Amino acid sequence: MTISARGAAVVTGAAGGLGRAIAAALHADGWRVLLTDVDAAAVAAAAAPLGGWSRPLDVRDETACAEVAAEAAGDGAGGLGLWVNNAGILATGPSWTHDAATRRRLVEVNALGAMTGTLAALAVMRAQGHGHVLNVVSLAGLVAAPGETVYAASKHALLAFSLGTLADLRMAGVRGVHVSCLCPDGIWTPMLHDKLDDPGALASFTGTLLTPERVAARAVRLARRPRPVVSLPRWRGAQVRLLDAFPRLALALTPVVRAAGRAGQRRQARRTRPDASRPRL
């Protein structure tokens, strides 16, 4: 696909963290990128060095998502080439510690919001005959993550929706529209910056803590070559799928997960907190 034929790319949750990194990487790769976020001022600032194209967007708003998709599709040649559902929120702790409002918000943003964005994009892409929806899922969409149970449930829902929708497109004879899922390990973004002492976030620190730039680079490659599911790193995807296939084994390894996660938190604390390695008096 040539750069001129790509069309526009929309990135949700692009005011900072992974979303901003993905938008910057896509821009560097030649895409016209529309950055969206619930924080209008922050996303405008993030968009300024990337062409200045931004819009405030609550991904739970079906009408607003449709308007963004239509705007992107009408901006220049190629229509709407890519829609990246990146917006997401995290709440940690045992499932019974979250009130109804917290559970609802996690599902509404992480699952229903991404579904809404996907369907808004597909309405345009199916009509134009081409396009690609890239959903940022997480390894938590591949295996139940202790301490992040409701978050993982929302990501499991997004994975099932994405793969089912891709199958629906193929059954309907639509070949030029793609849906991909990117499932990265824990990423060192503001979502985890305050979780270094949080026992509920241990699962996010059990493997390779990634930089937003590394994940964004993989997202760009995935945008070029769609695949149903990509994990980052690949070995972690294989590892968590094994645990998902053998839940009794996963439960038996819970103490190991706890120890590995706490060790990961300590390592990251030493990297980011100058006084973390000093002896306490």
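Helix α11, residues 254-272 of this predicted model, has 19 residues, which at 1.5 Å a residue should span 27 Å, and its end C-alpha atoms are indeed 27 Å apart. The buried residues of α11 are Gly261, Gly264, Gln265, Gln268 and Ala269. They cover an arc of only 135 degrees around the axis, which puts them on the same side of α11. An α-helix has 3.6 residues a turn, so residues three or four places apart point the same way.

Helix α6, residues 149-171, can be described in the same terms, since its 23 residues reach 33 Å from the first C-alpha to the last, close to the 33 Å expected at 1.5 Å a residue. Its buried residues are Val150, Tyr151, Ala152, Ser154, Lys155, Leu158, Leu159, Phe161, Ser162, Thr165, Leu166 and Leu169. What covers these buried residues includes the helix α5 (100-128) together with β5 (131-136), β6 (177-184) and β7. After α6 comes glycine 173, whose phi is positive, near 85 degrees.

One of the buried residues of α6, leucine 166, has a relative accessibility of 13% and therefore counts as buried, the limit for that class being under 20%. Setting aside neighbours within four places in sequence, leucine 166 is in contact with Val177, His178, Val179 and Pro228. The last of these partners, proline 228, is placed in the loop between α8 (212-224) and β7 (229-232). Proline 228 counts as partly exposed because its relative accessibility is 42%. Residues up to four places away in sequence not being counted, proline 228 touches Leu163, Leu166, Val179, Ser180 and Cys181. For both leucine 166 and proline 228, a C-alpha distance to a residue elsewhere in the sequence can be set beside the sequence separation.

| Residue pair | Separation in sequence | C-alpha to C-alpha distance |
|---|---|---|
| Leucine 166 and valine 179 | 13 residues | 5.7 Å |
| Proline 228 and serine 180 | 48 residues | 4.5 Å |

Helix α6 also takes part in enclosing an internal space. A search of the whole structure finds one cavity of 30 Å³ or more, and about 60 Å³ of space lies in the largest cavity. Its lining consists of Thr12, Val59, Asn85, Asn86, Ala87, Val109, Asn110, Gly113, Ala114, Val136, Lys155 and Leu158. By character, the lining residues divide into six nonpolar, five polar and one charged. Helices α5 and α6 each supply at least two residues of this lining, and the largest share, four residues, comes from α5. Lys155 and Leu158, which belong to the lining, are also among the buried residues of α6.

Which residues does asparagine 86, itself part of the cavity lining, touch beyond those up to four places away in sequence? They are Thr12, Gly13, Leu18, Gly19, Ile22 and Val136, and of these, Thr12 and Val136 are likewise named in the lining of the largest cavity. Asparagine 86 lies in the loop between β4 (80-85) and α5, and it counts as buried because its relative accessibility is 12%.

Definitions and conventions. Residues are numbered from 1 along each chain as its sequence is written. This is a predicted model: local features need pLDDT of at least 70, side-chain atom pairs count only at pLDDT 80 or more; totals for chains, interfaces and linings use all residues. Side-chain values use heavy atoms; hydrogens and water are left out. Buried means under 20% relative accessible area, exposed over 50%, partly exposed in between (1.4 Å probe, protein chains only). Contact means heavy atoms within 4.5 Å. The expected span of a helix is 1.5 Å times one less than its number of residues. On a 1 Å grid over the protein atoms alone, a cavity is a set of points where a 1.4 Å probe fits but cannot get out, and a pocket is an open set with protein on both sides within 12 Å along at least five of seven lines; lining residues have an atom within 4 Å of a point. Grid points are joined across faces, edges and corners, and a volume is the space filled by probe spheres set on the points. Ala, Val, Leu, Ile, Met, Phe, Trp, Tyr, Cys and Pro count as nonpolar, Asp, Glu, Lys and Arg as charged, and the others, Gly among them, as polar. The arc is that of the directions from the helix axis to the C-beta atoms.
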